[in-house]
Amino acid sequence: MPDIDTAVTLRDVHLAFGGTEVLKGIDVDVRRGEAVTIIGPSGSGKSTILRCMTGLLRPQRGSIVVGDTAVDTLQTEADLIALRKRVGFVFQQYNLFPHLTVLENLVIAPTRVIGRGRAEAEHDAHALLGKVGLAGKAGAYPGELSGGQQQRVAIARALAMRPELILFDEVTSALDPETVGEVLTVIRELVDEGLTCVLVTHEMRFAAEISDRIYFTEAGRIVEHGPPEQIFGQPVQERTRAFLRRALGAVPRLPASFNAAFAPRSPSLQPAEDSA
Ligand SMILES: Nc1ncnc2c1ncn2[C@@H]1O[C@H](COP(=O)(O)OP(=O)(O)O)[C@@H](O)[C@H]1O
Ligand SMILES: [Mg+2]
């Protein structure tokens with residue numbers, strides 16, 4: 001019997017491209033209303049894990065359940081399309097339709113793909129634009145917006161399908177630094193409202209603040225997982241510690257809230273001069 005609180009379950013997922021195994025037995029659990037973040041070096045399999053959750057990639061071994069759907073056993077294109085209507089995916093590249101207004105970008109999939117009425121779709125779209133702080137931009141074209149604004153439209157577009165789950169794959173990685181914060185703020189608010197989501201991000205402090213659980217991947221395996229206090233504050237595995245030293249070392253300053261939450265148990269996360 002599927003657990004009704006379960007949003008996503010991956011069990012022993014193995015996936016190879018050609019002869020190269022890139023997922024080597026992945027177990028992930030996401031419960032409804034949770035925000036789960038996957039961190040790890042480039043090439044470790046993070047995006048591949050997300051693509052498995054949408055049925056875009058089929059593992060050679062293991063099981064994937066999203067809601068009550070056994071994704072790895074879906075046979076028809078129609079079943080896969082039905083799954084993708086339920087799972088939102090926001091990427092680094094926002095890929096808005098450049099020739100459509102912001103409003104039309106939000107209305108097109110609900111009306112054409114799931115047959116929602118025009119008035120209802122527009123009503124939703126305006127509400128979602130308000131939620132992402134772009135109420136005044138309904139009539140603008142994507143090219144008139146900053147990268148951060150376009151990414152917020154892309155998030156609203158995903159929400160417009162009323163998905164049961166949203167996957168965010170490095171959605172701030174291509175943005176100018178000054179617009180990263182506004183996108184993270186939107187995601188934080190959605191998480192606070194109980195959106196179920198899986199994130200891949202290099203924004204470690206953000207991940208620490210908003211995540212219910214963190215998974216650390218390396219070379220196609222989950223090295224360690226647990227609540228952020230554990231992964232960022234008391235990582236068990238040396239490989240996790242080494243990764244975090246590099247990842248956090250790239251950021252010059254830790255906000256006070258992060259220090260308060262994590263520093264007492266975590267001398268290795270302090271700036272070098274403090275740990276002497
Ligand atoms: N379509 C593909 N064909 C062949 N190899 C791929 C493909 N997609 C990803 N890979 C390889 O799989 C590994 C994991 O990739 P990916 O999941 O994108 O890593 P991450 O998101 O952690 O950077 C990498 O070595 C990558 O080169
Ligand atoms: Mg990736």
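## Surroundings of ligand 1

In this predicted model, ligand 1 is surrounded by Phe17, Val22, Gly40, Ser42, Gly43, Ser44, Gly45, Lys46, Ser47 and Thr48. By character, this shell divides into seven polar residues, two nonpolar residues and one charged residue. Helix 1, which spans residues 46-53, supplies the largest share of the shell, namely three residues.

## Helix 1

Helix 1 is itself mostly covered, with six of its eight residues buried. Those buried residues are Lys46, Thr48, Ile49, Leu50, Cys52 and Met53, and of these Lys46 and Thr48 also belong to the surroundings of ligand 1. After the helix comes Gly55, whose phi is positive, near 75°.

## The open sheet

Four strands form an open sheet in the order 2-1-4-5, and their pairing is antiparallel. Strand 2 (20-31) and strand 5 (69-70) stand at the edges with a single partner strand each, so one side of each of them has no neighbour in the sheet.

The pairing between strand 4, residues 61-66, and strand 5 is antiparallel and runs over two bridges. Here Val65 stands opposite Ala70, a residue of strand 5.

## The nonpolar core

The largest nonpolar core holds 69 residues, among which Val8, Met53, Ala156, Phe168 and Val198 touch the most other members. Helix 5, made up of residues 147-159, contributes the largest share of this core, six residues. As background, nonpolar side chains in soluble globular proteins tend to be buried together.

Met53, one of the core residues with the most such contacts, is also one of the buried residues of helix 1. Phe168, when residues up to four places away in sequence are left out of the count, touches Val90, Ile187, Cys197, Leu199 and Val200.

## Ala247 in helix 9

Ala247 lies in helix 9, which covers residues 238-249. Ala247 counts as partly exposed because it has 17 C-beta neighbours inside 10 Å, whereas a buried residue would need 20 or more and an exposed one 12 or fewer.

Not counting residues up to four places away in sequence, Ala247 touches His202 and Met204. Ala247 and Glu203 are 44 residues apart in sequence, and their C-alpha atoms are 8.8 Å apart in space.

## Confidence of the model

The protein chain has an average pLDDT of 90, and 89% of the residues score at least 70. Over residues 263-276, however, the pLDDT is below 50, and this stretch has 14 contacts in the model beyond near neighbours in sequence.

Methods. Residues numbered from 1 in each chain as written. Chains lettered and ligands numbered in written order. Predicted model: local features only at pLDDT ≥ 70, side-chain atom pairs only at ≥ 80, totals over all residues. Near = placed C-beta within 6 Å. Nonpolar A, V, L, I, M, F, W, Y, C, P; charged D, E, K, R; others polar. Pairing = 2+ DSSP bridges. pLDDT = per-residue confidence, 0-100. Contact = placed C-beta atoms within 7 Å. Core = buried A, V, L, I, M, F, W, Y, C linked by C-beta atoms within 7 Å.
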